[in-house]
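User: Got a minute to go through this one with me? I'd like to start with a single residue and work outwards.
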Amino acid sequence: MPTGATNKKKYTYVWVSAIILIFGIFAVYEITKRIKDDTVVSNDRMSGVSMQKDVGFILNEGKKRKVPPFSFLNQDSVMVSDKDYLGKVYVVEFFFTTCPTICPIMTKNLVELQNTFKDYDEFGVASFTINPRYDTPSVLKKYAEKYSITDKDWNLMTGNQSKIYGLAQEGFYIFASETEDAPGGFEHSGMFALVDKNGYIRSRSDAHGNPLIYYRGTITEKQGVNSEGEPQQITILKEDIKKLLAE
């Protein structure tokens, strides 16, 4: 090969290497700057965990899923129904007062929501016990006092067990069961459902457009992630409550 051609090829390699180096330095600078300014989005931090931020409706056979009618006694022995929550954004849970595992964490997370939205008359919580034989209104009242539940629109409800289980499993598709071998004798989901002012169940969707449907209630914001690496969802629940309150 002629010497001129060799030199020309050498210079081409030099220029290509220089361009790659310049772009590499620029890319590192931009990423560093975004991390410093805290403008790195979820797709930058961890692939596959981003979510769409619109709070959409949950569809069931093409129809928006709505909370079915219910009516139960609360901790003050007052009958409360789904109609009492119309005009309010509220979070739904199924729990029991003697639960030795996830319920205390769920309750603390709900108290965190209570305190965050204490100035909003349109916010509430609906807690349904899955052990109504033990969780009478007076027991629920003591539980409310123990955990500093003060929101007038946070009802801890008890009543006919089959109706409560029907509401959980057929109304919200949230698992609840009386299981002898389970801790405390009952097994249930640690998820929260979010309901809008018109009684429709709402949630944001993941990056692929699939509805989240429920929010993890068993991991605190401070904890961040659980032992299985699942992230807390109380932060995004707060964000979605604010959006629905603004509707």
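User: Where is the place of Asn 109?
Analyst: Asn 109 sits in helix 3; helices here are DSSP runs (H or I, at least four residues) and strands are E runs of at least two, numbered from the N terminus. This is a predicted model, where local features need pLDDT of at least 70, side-chain atom pairs count only at pLDDT 80 or more, and totals for chains, interfaces and linings use all residues. Residues are numbered from 1 along each chain as its sequence is written, and side-chain values use heavy atoms, with hydrogens and water left out.
User: Is Asn 109 buried or exposed?
Analyst: Buried, because the relative accessible area of Asn 109 is 3%, and buried means under 20% (exposed is over 50%, partly exposed in between; 1.4 Å probe, protein chains only).
User: What is Asn 109 in contact with, leaving aside neighbours within four places in sequence?
Analyst: Phe 192, Gly 217, Thr 218, Ile 219, Thr 220 and Ile 234, with contact meaning heavy atoms within 4.5 Å.
User: OK, helices. How do helix 3 and helix 6 cross?
Analyst: The crossing is right-handed, meaning the near helix is turned clockwise from the far one by less than a right angle (anticlockwise would be left-handed). On the helix 3 side, the contact is made by Asn 109, Glu 112, Leu 113 and Thr 116; helix 6 brings Ile 234, Leu 237, Lys 238 and Ile 241.
User: Switching to strands: how many residues of strand 12 are buried?
Analyst: 5 of the 6 in strand 12 (residues 201–206), so that strand is mostly covered.
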